Amino acid sequence: MPKKIELPITESAIRELRIGDEVEISGQMVTGRDAAHKHLVKTFDETFHRLAKDRFLYHCGPVVQRGADGEWRFVAAGPTTSIREEPYEAEVIERYGIRGVIGKGGMGKRTLDALQKFGCVYLHAIGGLAVVLAQCVVKVHGVHMLEELGVPEAMWSIEVKDFPAVVTMDAHGGSLHETIFASSREAALRLMEQGVSAPPRSAASK
Amino acid sequence: MASVRPLVLELIRHTSCGLPEDVLDALARARDREEPGSRAYSTFERMIQNVEAAREASAPICQDTGTLIFYVDYGPDYSPHQLERDIVGAVRDATKKAYLRPNAVDAITGSNSGDNVGVGSPYIHFHPRRTKGLRIRLMMKGGGCENVGAQYSLPDSSLGAGRDLDGVRRCIIDAVQKAQGYGCAPGTIGVGIGGDRVTSYMESKEQLFRRLDDRNPDPTLAALEEELTESLQKLGIGPMGFGGKTTVLGVKIGARHRVPASFFVSVSYMCWAYRRGELEIKGDKVYLSGRRMIPAEPRRRTAAGATAARTARKAAATPRKKTAKASGAAKKAKAAGAKTAKKAAAKSTKTTSAAKTAKKAAARSAKETAAAKTSAKRSAARARLKPAPIPSRRASAHKLPVL
């Protein structure tokens, strides 16, 4: 059964999570991707700090629609590949007091160390699950730097309900990505040694 | 030649907001191989749910609506210049309707064009053909999976890969293992052997236009495809790299002649959200991914009540106006001459009786739709906000997406 997570969240609650845990997240969080990360390490962004402290940062560039009433609505909002934020993420976690990073594909050693040091986890959402995840976004509170960054790159403050994800990097130095990379590398080398079982082209055409 | 812009818009909607049947079937089979209750099982289950939800809402199944790759085969009855205008126009329309995310970013300034149109975007290949008609194939390839593509130049000593099929096989295994879940596994692997750097990659992409359940006409490549589709599952990467029994949905391999000095192997990874579609025009018939499209009677199934009510209102309103005009005309005509007056009067009577019939019909249809009126109003409002849904494959295999 997935564990329920309510935002904002405390450091001790974050440290209870372990790799492989399935969770469902509810509460307010914020999106941010490439341009946002670049901006966040260049300056200290007060607005972002207020939106992100003790909450989660979601690597997502959504498709949004604005209704006649002026309300924004998320149409498609799956995660984007997180590794691109590897040069920035450790610093962003430290500066802004983020307790969780949601994305896909996992992140590197520097981020893993920051997770352990500052009490944060990496959560893997299912890539391409845009509509189901957009339906988990029950309200858009607002958007930060829309003019400067454009729709996908802007920082959207959103309210989510039962947003599904899997903890793949925890605050204890564990990484499901490292485990699976190692086991799949071994399997790949074994497969390579097996060689081609297909008949050579000339024999097959006879 | 008539504008194909609305048809291409429909192709984009259909491609962005759903998955081909063969892909959906492969995902269902992958789910069934996993233990119910496991992480892999629930991941596949959510993927399938997402496709259903996307179809119902006409929303993109993935927010990364990707690079738009069009392959256009056009007959002598079509002009590539107008086709280009229509396709670009349809891409703009689709972005406005949020079937596409604005995805064209200036490589130097970083600014987003906002409508998916830019230098080299959308990406259109034109192929003239002798027979009349038109075929437009569309692939939408997300950035996450595009980033894990790889090109090898053989021999590659780090992999022990020589210039033969065994070397090719080693490259494919290496690329899939390195891709992990980053490209949204389970992926479909397109492979191009030979060619130059460009055409090798192009071959690997073109392979992804094939159906998952087809068979390579080359028996050697067919055998390799089948063997790898089975063997690569042993990597255990699973959906999204969470671990599991399915790491790839399929492997598709093509070969091109190369110059003696070069031997490239290019691997294109297509995410599980494998969006490809095809629009074909044969005579006056239009097919969307193999199914006949019916351009007439739009939205009848989806907002039946709304349409009926609208028609009824129109029928009631239009003749009344006409009658007024006609009687006005009759007055004028009287002054002009009796002959024309008679004609005008006859015309006016005709329209009046037509109005009566229309009114009757309107009353009847109003009665019929009385029950559905509130829901019609609601669905009309909804129809303004979002377009007609693409019918679910399971619920209505034969219902066609309409314009």
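This report walks through chain B of a predicted model, its border with chain A, and a few backbone details.

**Chain B overall**

Chain B has 403 residues, and 44% of them count as buried. Its secondary structure consists of 11 helices and 10 strands. Contacts that span long stretches of sequence are frequent here. Among contacts in chain B with a separation of 6 or more, 76% come from residues 24 or more positions apart.

**Helix H1 of chain B**

Helix H1 of chain B runs over residues 5-16. It holds 12 residues and reaches 16 Å from its first C-alpha to its last. That is close to the 16 Å expected at 1.5 Å a residue.

H1(B) is mostly covered, with 10 of its 12 residues buried. The buried residues include B:Leu7, B:Val8, B:Leu9, B:Leu11 and B:Ile12. Charged side chains are on the list too: B:Glu10 and B:Arg13 are buried in H1(B). So are B:His14, B:Thr15 and B:Ser16. What do they pack against? The partners of the buried residues of H1(B) are helix H4 (80-96), strand S3 (134-141), strand S8 (275-282) and strand S9 (285-288) of chain B.

**Where the chains meet**

On the border between the chains, 49 residues of chain B are in contact with 46 residues of chain A. Three elements give two or more residues to the side of chain B that touches chain A: helix H3 (39-57), H6 and helix H8 (219-231) of chain B. H3(B) gives the most, with 9 residues. By class, this side of chain B has 24 nonpolar, 15 polar and 10 charged residues.

**B:Gly181 and its surroundings**

B:Gly181 sits in the loop between helix H6 (165-179) and strand S5 (187-193) of chain B. Is B:Gly181 buried or exposed? It counts as buried because 31 C-beta neighbours lie inside 10 Å.

Leaving aside residues up to four places away in sequence, B:Gly181 touches B:Ile237, B:Met240, B:Gly241 and B:Phe242. It also touches A:Gly105, a residue of chain A. B:Val148 is 33 residues away from B:Gly181 in sequence, and the two are 9.7 Å apart in space, C-alpha to C-alpha.

**Positive phi in two loops**

B:Cys184 lies in the loop between H6 and S5 of chain B. B:Met240, one of the contacts of B:Gly181, lies in the loop between H8 and strand S6 (248-255) of chain B. Each has a positive phi although it is not glycine. The table sets out their values.

| Residue | Phi | Other C-beta atoms within 10 Å |
|---|---|---|
| B:Cys184 | near 60° | 32 |
| B:Met240 | near 60° | 33 |

B:Cys184 is buried because 32 other C-beta atoms lie within 10 Å. B:Met240 is buried because 33 other C-beta atoms lie within 10 Å. The cut-off for a buried residue is 20 or more.

**Cis peptide bonds**

Which residues does a cis peptide bond join in chain B? It joins B:Ser121 and B:Pro122, with omega about -5°. B:Pro122 is found in the loop between H4 and strand S2 (123-128) of chain B.

Chain A has a cis peptide bond from A:Leu7 to A:Pro8, with omega near 0°. A:Pro8 sits in the loop between strand S1 (3-6) and helix H1 (11-15) of chain A.

Technical notes:
Residues numbered from 1 in each chain as written. Chains lettered and ligands numbered in written order. Predicted model: local features only at pLDDT ≥ 70, side-chain atom pairs only at ≥ 80, totals over all residues. Helix = DSSP H or I, 4+ residues; strand = E, 2+ residues; numbered from the N terminus. Contact = placed C-beta atoms within 7 Å. Expected span 1.5 Å × (residues − 1).
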